[in-house]
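Colleague: I have a model open and would like to learn how to read its features one by one. Could you walk me through it?

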Amino acid sequence: MCSRNDEEDGSQSLMEGKTKLTWTEVCQKCSTEKPVIQILQIKHAYCRNCFLAHVNHKFRSTLGKSKMMKPSDVVLAAFSGSGKSNAMLHLLHAGLSEQSHKRFLFKVQVLYIDEGAILGTSLEDRTANLQAISGIIEQYGFKSYYTTLASIFEETGSKCFPLVKDSTLKIKENSEEELKNLFLNVKSLTAREDLLRQLRRKIFLQSAKELDCCKVFTANTSTDLAIHILTDVSLGRGSQMHHDVSFCDPRDASVKIIRPLLELSSKEVTYYSVFHELESIYIPSLCTKASSDSSIHNMSKQFVMELMENFPSTVSTVFRTGEKLGSTNTTNTCETEDNLCIICQMKLDVSVAACSSVQATDFSRLISSLGPAGFDNKTLSQLPDTSKGILSNQADSLLCSSSTSCCSDSDVQCGCHKDVQRLSFPDVEKLCCYGCRLIIHDMENTSSLPESILHKVRTRRSLENMRESIQDFLL
Amino acid sequence: MPVKCSSSCGKNAILKRPKTGDALCKDCFFWAFETEVHNTIVSGHLFKKGDTVAVAASGGKDSTVLAYVLKVLNERHDYGLNLVLLSIDEGITGYRDDSLETVKQNRDDYQMPLKILSYEELFGWTMDAIVGQVGRKNNCTFCGVFRRQALDRGATLLGVNCVATGHNADDLAETVLMNILRGDIARLQRCTSIITASESEGSIPRVKPLKYTYEKEIVMYAYFKRLVYFSTECVFAPNAYRGHARAFLKDLEKIRPSVIMDIIHSGESLQVKDDVKLPVRTQCTRCGSVSSQELCKACVLLEGLNRGLPKLGIGKTSLANRAREQQDAQKTRIVNCDF
C-alpha cells in the first residue's frame with residue numbers, strides 16, 4: 001500500500017505553509033513608529049521599542065508564571081560568551097535594576113565553563129577568552145566565577161574560581177589529560193557531543209552546589225529546544241526529553257536547571273542583542289565548522305532551520321509538542337538511586353518489555369552471532385519470558401567470570417586499579433539508560449570515564465552482589 | 001580477503017546487516033530475517049491459532065516480502081493461519097493497474113486467495129476522477145482516507161480476524177518524526193503500537209509484523225530471494241511534508257545506522273502529561289467506523305465530492321460547515337423558484 005499517509009483515519013493535517021509577508025506601515029503594537037522586525041511566526045511587525053518591551057515582558061512573565069523563584073534564591077547564570085547568554089544577563093540585569101515593586105529579588109552569580117581542553121585550544125587563547133568574558137560580565141556588576149570542564153575529573157578541592165579582571169586560567173595538567181583521553185576515546189562526533197552535554201550538566205550541578213546556588217539559568221531559546229527535541233528523539237532519549245526541554249529540569253534534588261528564555265525564539269534573542277549592541281565572544285565548540293552530516297545534533301539543527309524557511313511555525317509546533325510530554329509521576333526525586341542512569345540521572349528505561357525496540361535489537365545481535373546452528377526453537381520460546389534482555393544476561397556471565405580474584409566483591413571502598421580495568425562494557429552499560437548506552441557503545445574502553453561515574457558503577461555492582469548473596473534470606 | 005559470516009558457519013559473508021553491523025552469509029541472513037519476524041509475532045502475540053489473516057498487498061516490496069515470510073513461517077512454525085491477500089484498487093492509471101499484476105503474480109506463486117476491492121465500487125469514485133476534481137494538491141488525503149476505510153470494509157467482507165500491513169521500521173520512525181513535527185500528540189502516542197484499534201469492538205485490528213525490520217533488509221531479502229515486486233512511485237505528486245521527514249531520517253541513518261531503532265524506542269517510551277486533553281474516539285454517525293469527530297473523514301470527503309465541493313474535508317471544519325450551509329441555502333432557493 002502507499003504508506004504516505006495511512007494514519008488512523010488516513011487524514012493528515014499539515015503545518016501551515018509560509019503566509020504572505022505582512023509588513024504594515026506602522027508598528028502593530030503602538031501604531032505610531034515604523035516597524036523594524038517581524039515576530040510571532042512572522043505575522044506581526046513591531047517597532048524597535050515595542051519589540052524590546054515584548055522580549056523583556058516575555059522573559060519576566062516566563063519567570064513569574066512558573067512561581068518558582070523565591071526572594072532568597074541565589075541564581076547561577078551560565079554564561080558562554082554567546083549573544084544569547086549575554087542577552088540573558090542583560091535581561092536579568094534590567095530586572096534587577098527596575099523600580100522597587102518590579103525588581104527581581106533573587107541574587108545572580110555568573111559561571112563560565114572553560115571547555116578549551118577538548119578542542120586542544122592553546123592556554124594563551126583560553127586565558128584571552130576568559131579575560132574577554134570577565135570584561136563583559138563586569139559591565140553588569142555580577143559576582144562571577146569560572147570552572148573548567150576537566151574539573152569533573154577532580155575528586156576534592158574547590159573547582160570554581162572567582163573571575164575578576166585579570167584572573168589567569170588555573171588548570172590541572174593531569175585532569176586535563178584525562179579529559180582529552182575521554183574525548184579521544186569516543187569515536188563518533190554524535191556521541192562526543194552527547195557526552196559533552198551530559199558532562200556540562202554535571203558541571204552546572206556541581207558548581208551550583210559548591211557556590212550554594214539553588215538554581216542554574218541557561219540561555220536556551222525555543223529554537224534550541226525544538227532542535228533538542230528532534231535530537232533527543234533520534235538519540236533514543238524519548239522518555240527523558242521532557243526534562244531536557246521544559247522550563248525546569250528537576251532531576252537533581254537540590255539544584256534545578258531553569259531555562260528562562262524558552263518562550264523566545266533565537267531570532268528574537270538575536271535581535272534583542274543587536275538592538276542593545278551587546279557584545280559576544282566567539283568561542284568554537286565541538287561541532288563548530290563541522291558539516292551538517294557529521295553528527296545527529298548538527299543534522300537536526302540544519303533540518304529545523306531549513307524547514308523554518310518554508311514553514312515558520314515549525315519551531316513553535318515542535319516546542320509545544322515537547323511541552324505536552326512528561327512523566328506520569330511528576331516527581332523524579334523520589335526514585336531510589338538504584339534505578340537511575342549513572343550518567344544522566346534519568347530513570348532507567350531499559351527494562352526489556354516482551355515486544356519492544358530494545359528487545360528486537362538485542363535479539364538481532366544475538367541471532368546474528370549465533371547463527372542457525374547454535375540456536376533452536378527452544379531458546380526462542382524461552383526468550384520472551386525471561387524478559388531480561390540479552391545484554392544484561394551477557395553482563396551477568398561476564399561478571400561471574402571476572403569477579404573471582406583480588407578485590408572481594410563486597411569491598412566498596414577498594415580503590416584497586418585492577419578493578420577499574422575490570423569494568424567491562426556490559427558492567428557499565430547495565431547501569432545506563434538507552435541514550436547513554438549509545439555513548440558507551442561508541443567508546444573504545446570504559447576506564448577513561450570520570451572517576452565519579454566509575455565509582456558509582458563499582459558501588460552499585462558490589463551492592464548487587466551483596467543482594468544476590470543474601471537473596472534467599474530477604475523477605 | 002573475504003569476510004567470514006559472523007555466525008561462524010564457515011561460509012563467506014555476502015552482506016552487512018544495516019541494523020547491527022554484523023556480516024552474514026546468504027543462508028544465515030535468510031534465517032535471521034525470518035527468525036526475527038517470528039520473534040516479533042510471538043512476543044507481540046499478533047495472531048491466534050486458527051485466525052484468518054488478510055495481508056494488505058500492494059505489490060510493493062514490503063507487502064510482497066510480508067506475504068512471502070508469513071507463508072514460510074506459517075508452515076515452519078505451524079501458526080495455523082489462513083492467509084489471504086487483500087488489495088485495494090485506487091484507480092490510478094499507470095500505477096495501480098500495473099502493481100496489481102504483481103499482486104496477481106503473488107497470488108499464483110504463494111497459492112493464496114486474492115480479493116481486490118476498488119474505490120470505484122466502494123465509493124463511486126476512482127482516484128483519477130478525484131484528481132480531476134481536486135487537482136494534484138491534497139489528493140493524497142483522499143487516497144489515504146479512502147484506503148483505510150476500504151481496507152476495513154474489505155476485511156469485514158472477507159471475515160478475517162486481523163489485517164497485517166507491511167509497515168517497516170523506517171516507516172515507523174518516520175511517522176514518529178512526522179507526528180512531532182505536526183504536533184499530533186494523540187497519534188504520537190499510539191503510532192508505535194504493534195496492534196492498532198482493537199479496543200472498540202467491531203473494528204478489525206491491524207498488525208505490523210515487520211515493525212522492527214529495516215527497509216534495507218527487506219530489499220536485501222527480496223533481492224536475494226529473487227522476489228518480484230513493483231517499485232514505481234505513485235504518478236500523482238508525492239507528499240512534500242512527509243518527504244522532508246523521510247529525507248531527514250535517511251540523513252540521520254547515514255550518520256548512525258541504529259537511529260531508526262533509537263527513534264522507535266523513543267516513540268515507545270514517550271509519555272504524555274496527564275493533563276493534556278486527547279481527542280475522544282467515537283464512531284461515525286453515518287458509517288459507524290472509528291472517528292474522533294461526529295462524521296468520519298471518509299464520509300466528509302465523500303460528501304464533498306458528491307456535492308461538487310471537493311475542498312469540504314480539507315480545510316477547517318467551520319469553513320466546511322459554512323460552505324455546506326451556503327449550498328443548502330442555494331438549493332432551497334432554486335426549489336422555491338420552481339414553485
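Colleague: Let's begin with the sheet in chain A: in what order do the seven strands lie?

Modeller: Happy to help, and keep in mind that this is a predicted model. The order in chain A is S6-S5-S4-S3-S7-S9-S8, an open sheet with mixed pairing. At its edges are S6 (161–162) and S8 (248–249) of chain A, each of which pairs on one side only.

Colleague: How many bridges join S4 and S5 of chain A?

Modeller: Six bridges join them, and the two strands, residues 107–114 for S4(A) and 143–148 for S5(A), run parallel. To pick out one partner, start at A:Val110: its bridge partner in S5(A) is A:Ser144.

Colleague: Which helix lies across S4 and S5 of chain A?

Modeller: That is helix H4 of chain A, residues 123–140, which runs at about 165° to S4(A).

Colleague: How do I check the length of a helix, say H10 of chain A: what span should its 15 residues have?

Modeller: Count 1.5 Å a residue, using one less than the number of residues. For H10(A), residues 296–310, that gives an expected 21 Å; the end C-alpha atoms are 22 Å apart, so the two agree. You can then look at which of its residues are buried: they are A:Ile296, A:His297, A:Asn298, A:Met299, A:Ser300, A:Phe303, A:Val304 and A:Leu307.

Colleague: Now the aromatic rings. How many aromatic pairs are there over all chains?

Modeller: The general idea is that a pair of rings is described by the distance of the centres and the angle of the planes. Over all chains the count comes to 18 aromatic pairs. One of them is A:Phe303 with B:Phe248, a stacked pair at 4.0 Å centre to centre and 5° between the planes. This pair joins two chains, because A:Phe303 lies in H10 of chain A and B:Phe248 in H10 (residues 240–255) of chain B.

Colleague: Are A:Phe303 and B:Phe248 buried or exposed?

Modeller: Both are buried. For contrast in geometry, take B:Tyr68 and B:Tyr221, a tilted pair with 6.1 Å centre to centre and 55° between the planes. Here the pair links distant parts of the chain: B:Tyr68 sits in helix H2 (residues 61–76) of chain B and B:Tyr221 in helix H9 (residues 215–225) of chain B, 153 residues apart. B:Tyr68 and B:Tyr221 are buried too.

Colleague: Which residues do ring pairs link into a cluster with B:Tyr68 and B:Tyr221?

Modeller: The cluster also includes B:Phe29, B:Phe30, B:Phe33 and B:Tyr110.

Key
Residues are numbered from 1 along each chain as its sequence is written. Chains are lettered from A and ligands numbered from 1 in the order in which they are written. This is a predicted model: local features need pLDDT of at least 70, side-chain atom pairs count only at pLDDT 80 or more; totals for chains, interfaces and linings use all residues. Side-chain values use heavy atoms; hydrogens and water are left out. Helices (H or I, at least four residues) and strands (E, at least two) are DSSP runs, numbered from the N terminus. Buried means under 20% relative accessible area, exposed over 50%, partly exposed in between (1.4 Å probe, protein chains only). Two strands pair if DSSP finds at least two bridges between them. Contact means heavy atoms within 4.5 Å. Axes are lines fitted to C-alpha atoms, for helices over the stretch in contact, and angles run from 0 to 180 degrees between N-to-C directions. Rings of Phe, Tyr and Trp (its six-membered ring) pair if their centres lie within 6.5 Å; planes under 30 degrees apart count as stacked, over 60 as edge-to-face and the rest as tilted.
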